[in-house]
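Welcome! Let's take a short walk through this structure together, one piece at a time.

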Amino acid sequence: MRRIIGAALGCWLGVMGAAIAEEKDTEPVLVELYTSQGCSSCPPADAILAGLSARDDVIALALHVDYWDYIGWKDHFASPRYSDRQRAYARVAGVGTVYTPQMIVAGRDHLIGVRPAQLEDLIRRFRAQPSPVALDLARTGGKVRVRAEARAPLRHGAFVQLVRYTPSERVEISHGENAGRTIDYANIVTDWKKVADWDGAQALTLDLAAPGDEAVVVIIQEPGPGPVLAARQLR
């Protein structure tokens with residue numbers, strides 16, 4: 001039953017996204033989902049992320065955390081780096097505990113659990129805001145050229161991040177809270193690294209190694225991690 005509900009929520013978000021994309025041609029909104037194969041509350045959120053992954057107005061990324069691995073099932077997508085990133089967001093927000101599932105929208109708003117209406121409201125709100133940074137990507141062979149220019153001074157500076165992900169994978173889970181379930185995961189982050197610091201005073205040009213034909217995401221974000229200033233992807 002939960003799979004059917006999750007799929008319905010994903011479809012609803014996909015339809016809403018198509019309507020929003022027609023309203024305003026603005027920068028896509030970054031949505032980070034912190035999830036785990038070992039968490040019984042996560043499959044509906046995973047399904048929502050799958051719906052978001054088809055949209056042009058959203059960059060949807062699934063970061064699998066490792067702190068559920070002790071409950072009988074090791075998530076083979078998980079990395080302690082993604083757990084650390086989620087905890088860093090919590091410290092910035094003044095929160096002492098992290099949860100799954102959790103979505104972080106544009107590096108600013110935190111949603112715990114499955115809240116599609118609130119998520120859609122946030123996506124709509126952030127899409128309506130002008131991006132403080134113009135960002136453009138182009139792929140040439142095994143490299144991605146990044147061009148960025150600040151539209152206004154960056155008071156706190158920024159850092160540039162390069163992200164790679166796997167578009168989809170089906171997992172049969174035999175132990176833990178989701179034992180016996182087969183779950184489809186979308187936009188599974190496989191690498192997330194900081195590649196440069198930038199003060200925004202001058203236009204930025206970077207040529208980054210990105211071998212293979214997997215999707216590439218570039219995110220410019222205030223330190224903290226703080227608000228996302230711009231994000232683009234090449235699929």
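The paragraphs below visit a helix, a hairpin and a sheet in a model that is predicted.

Let's begin with helix α3, which covers residues 80-93 and has 14 residues. From its first C-alpha to its last, α3 reaches 20 Å, close to the 20 Å expected at 1.5 Å a residue. Just look at its N-terminal end: Ser79 caps it, with a side-chain oxygen 3.1 Å from the backbone nitrogen of Arg81. Following the helix along, you will meet several buried residues, including Tyr82, Arg85, Tyr89 and Ala90. Ser83, Gln86 and Ala88 of α3 are buried as well. After the helix comes Gly94, with a positive phi near 75°.

Moving on along the chain, we come to the hairpin of β3 and β4. Strand β3 spans residues 102-105 and strand β4 residues 109-112; the two run antiparallel and are joined by four bridges. Val105 is a handy landmark here, since it stands opposite Asp109 in β4. Three residues lie between the strands, and in this hairpin Ala106 takes a positive phi near 60°.

Our last stop is an open sheet of three strands, paired antiparallel in the order β5-β6-β9. At its edges are β5 (133-140) and β9 (204-209), each of which pairs on one side only. Neighbouring strands of this sheet are turned by 20° against each other on average, ignoring direction. How many bridges join β5 to β6? There are eight, and β6 itself takes in residues 143-150. To find your place in this pairing, look for Leu137, which stands opposite Val146 in β6. As you trace a strand, remember that in a regular strand the side chains alternate between the two faces of the sheet.

Note on methods:
Residues numbered from 1 in each chain as written. Predicted model: local features only at pLDDT ≥ 70, side-chain atom pairs only at ≥ 80, totals over all residues. Heavy atoms only, no water. Pairing = 2+ DSSP bridges. Axes fitted to C-alpha atoms, helices over the stretch in contact; angles between N-to-C directions. Expected span 1.5 Å × (residues − 1). Buried < 20%, exposed > 50% of the residue type's maximum accessible area, 1.4 Å probe, protein only. Polar contact = N/O pair within 3.5 Å; in protein donor to acceptor, adjacent residues only side chain to side chain.
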